[in-house]
Amino acid sequence: RLNNAAVRYQSGEYALPFRVEFGDFFATQSRRTLQRGLKGIQLELQPVQFSLPQSLQLFWGRSADNYDRYFDERKDFYYGASWLAEAGSLGAFALTHVSYFDDQFQQSNGAEGGTERVNSLAWETGFDVLGFQHIVEAEYAYLSGESRTLLTGGNPSVNGDGRFFQISGYGNGGMNYLASYERNSDEFRPQGSSVSADRESIDLQWGQRLGAATQLRLRGQQYRDALSSSNTSRSRISGINLSSSLWQVVSASIDLSFREEDDRLGTINRDHSHLSLTMSAPLAQRINVRLGYQFQEQQDRVLGDTSDRQLANAGLDFSGQLSAWQYSLSPSLDYQESYKQAGSQSSNLALGLLASARTEGHEFSLSHRHTQFLNEGSSAEDSDTVQTRLQWRGYWEAHTLDLNFDWYRFELAQIEENEQADSFKASLAWTYRFDVPVQRLFDPPVAVLSLAEFSALGQLQAGGAV
């Protein structure tokens, strides 16, 4: 089974720099339009004849785990285009259109499918004032189309929008801040996006450097869900984080947060508290130790129940060189315990190992984790799980070869050894890099845009020449 395959070519030698991708590519637009791996084609053009730096991107593809599914009878695909331009002091603007089509909604009621169109306008600019370098970001996206799930006959339409605004800044003395607001209507559910429909969110953060090696960060968030219903829920989060480098060798941090959850009808009323402590320090040359502890508590005032969870972990990191090989070893130990006021208790113990070795032309890596689950006072059964991955990568001239092997075992405590559940997966990947020199007709532009480097609205800025 072929899972992934891709061919990429780019050139900045001619009057129209471009990049084209066939096969697997990551369609990165904005968080409110499309961020998903697709199989198909993506073309990016960067015209340099205009006074404003700009980039145009076109794409078409399907979301499929492998190429067996890619070539099946279902007709569902994404296609669209985006145009990005930098307008000097006015900032950067991005205009994006994404369409999604799925023919299954035409075949039978209740099937997942539909058509949708998302249009988005995003803007980003920066300015300096009051000793801060500020960045302002905004996006408005509108969705229209037909419902992807038809529970009854007909062809119902959907219409929704999403709005986002954020301002952040960095000042002298290590001060920084962030304030953002986002609101999505109940029908704003773009198929390829990563947003929550019918939600309003507010995020406030402030950071301050204390001394030469200590950083303080305060945060507060509020989320309101099911805004269009009669039972809107609300979640409020407040937290403080303090991180420091002690004696320039020991790194330590403490994080404390509280979360309150409730709804309009009183069916939810919970309080959460969370404490996290981490530390890392060198024991000797090329040997480092890692320690961590977490405590979580939840009080459910509706059910009258309290549950607690503790997590402790420790690990070592070794690195060295043996002949022409560079190697690293990282064993770890994790213990977790949970218990409720009603009397049930569970725990798990996990042993892990990460190892790698590399030399010229070869890389090896191993990851292994064995976890034992124990339960008392509940219907859950004791079990063991084992996860192992072996990887090898070889380089030869323009060729790269990857071999991967995965093994997973699940075993309940009361079953016989010959009844264990095992699964295996092996994969092979080959990459060839073309490098065909051609005579350069002119010097490529110093600054053009590269949309494929944008993973979020906060990266709307000129990149390097393709």
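What volume does the second largest cavity have? It comes to about 30 Å³, in a model that is predicted.

**Figure 1. A look inside the second largest cavity, at about 30 Å³.** The count here is two cavities of 30 Å³ or more. Lining the second largest cavity are Thr33, Tyr78, Val98, Ser99, Tyr100, Glu116, Val118, Pro190, Gln191 and Gly192. Strand S6 gives the most to this lining, with three residues, and S6 and strand S7 (114-129) each supply at least two. Sorted by character, the lining residues split into five nonpolar, four polar and one charged.

**Figure 2. The largest nonpolar core, with eight residues.** Its members are Phe25, Ala27, Leu34, Leu38, Phe59, Tyr78, Val98 and Tyr100. Two elements, strand S2 (18-28) and strand S6 (92-102), give two or more residues to this core. A second, separate core has six residues, among them Val118, Ala141, Val158 and Val195. Now flip back to the cavity view: Tyr78, Val98 and Tyr100 belong to the largest core and also line the second largest cavity. Val118, from the second core, is in that cavity lining too.

**Figure 3. The second largest pocket, holding about 420 Å³ of space.** Its lining has 23 residues, and Gln296, Gln298, Ser307, Asp308 and Arg309 lie nearest the centre. Six strands each supply at least two lining residues: S14 (250-263), S15 (269-284), S16 (287-300), S17 (305-322), S18 (325-340) and S19 (345-359). The largest share, four residues, comes from S18. As for character, count 14 polar, five charged and four nonpolar residues in the lining of this pocket.

**Figure 4. The S15 and S16 hairpin, paired in the antiparallel sense over 14 bridges.** Pick out Asp271 and you'll find its bridge partner in S16, Gln299. Two residues sit between the strands of this hairpin, where Arg286 takes a positive phi near 70°. Both S15 and S16 are among the strands that help line the second largest pocket.

**Figure 5. The S16 and S17 hairpin, with four residues between its strands.** Here the pairing is antiparallel, over 14 bridges. Tyr293 stands opposite Ala312 in S17. In the turn, Gly304 has a positive phi of about 70°. S16 and S17 also each give at least two residues to the lining of the second largest pocket. One thing to keep in mind while looking along these strands: in a regular strand, side chains alternate between the two faces of the sheet.

Note on methods:
Residues are numbered from 1 along each chain as its sequence is written. This is a predicted model: local features need pLDDT of at least 70, side-chain atom pairs count only at pLDDT 80 or more; totals for chains, interfaces and linings use all residues. Side-chain values use heavy atoms; hydrogens and water are left out. On a 1 Å grid over the protein atoms alone, a cavity is a set of points where a 1.4 Å probe fits but cannot get out, and a pocket is an open set with protein on both sides within 12 Å along at least five of seven lines; lining residues have an atom within 4 Å of a point. Grid points are joined across faces, edges and corners, and a volume is the space filled by probe spheres set on the points. Ala, Val, Leu, Ile, Met, Phe, Trp, Tyr, Cys and Pro count as nonpolar, Asp, Glu, Lys and Arg as charged, and the others, Gly among them, as polar. A nonpolar core is a set of buried Ala, Val, Leu, Ile, Met, Phe, Trp, Tyr and Cys residues joined through side-chain atoms within 4.5 Å. Buried means under 20% relative accessible area, exposed over 50%, partly exposed in between (1.4 Å probe, protein chains only). Two strands pair if DSSP finds at least two bridges between them.
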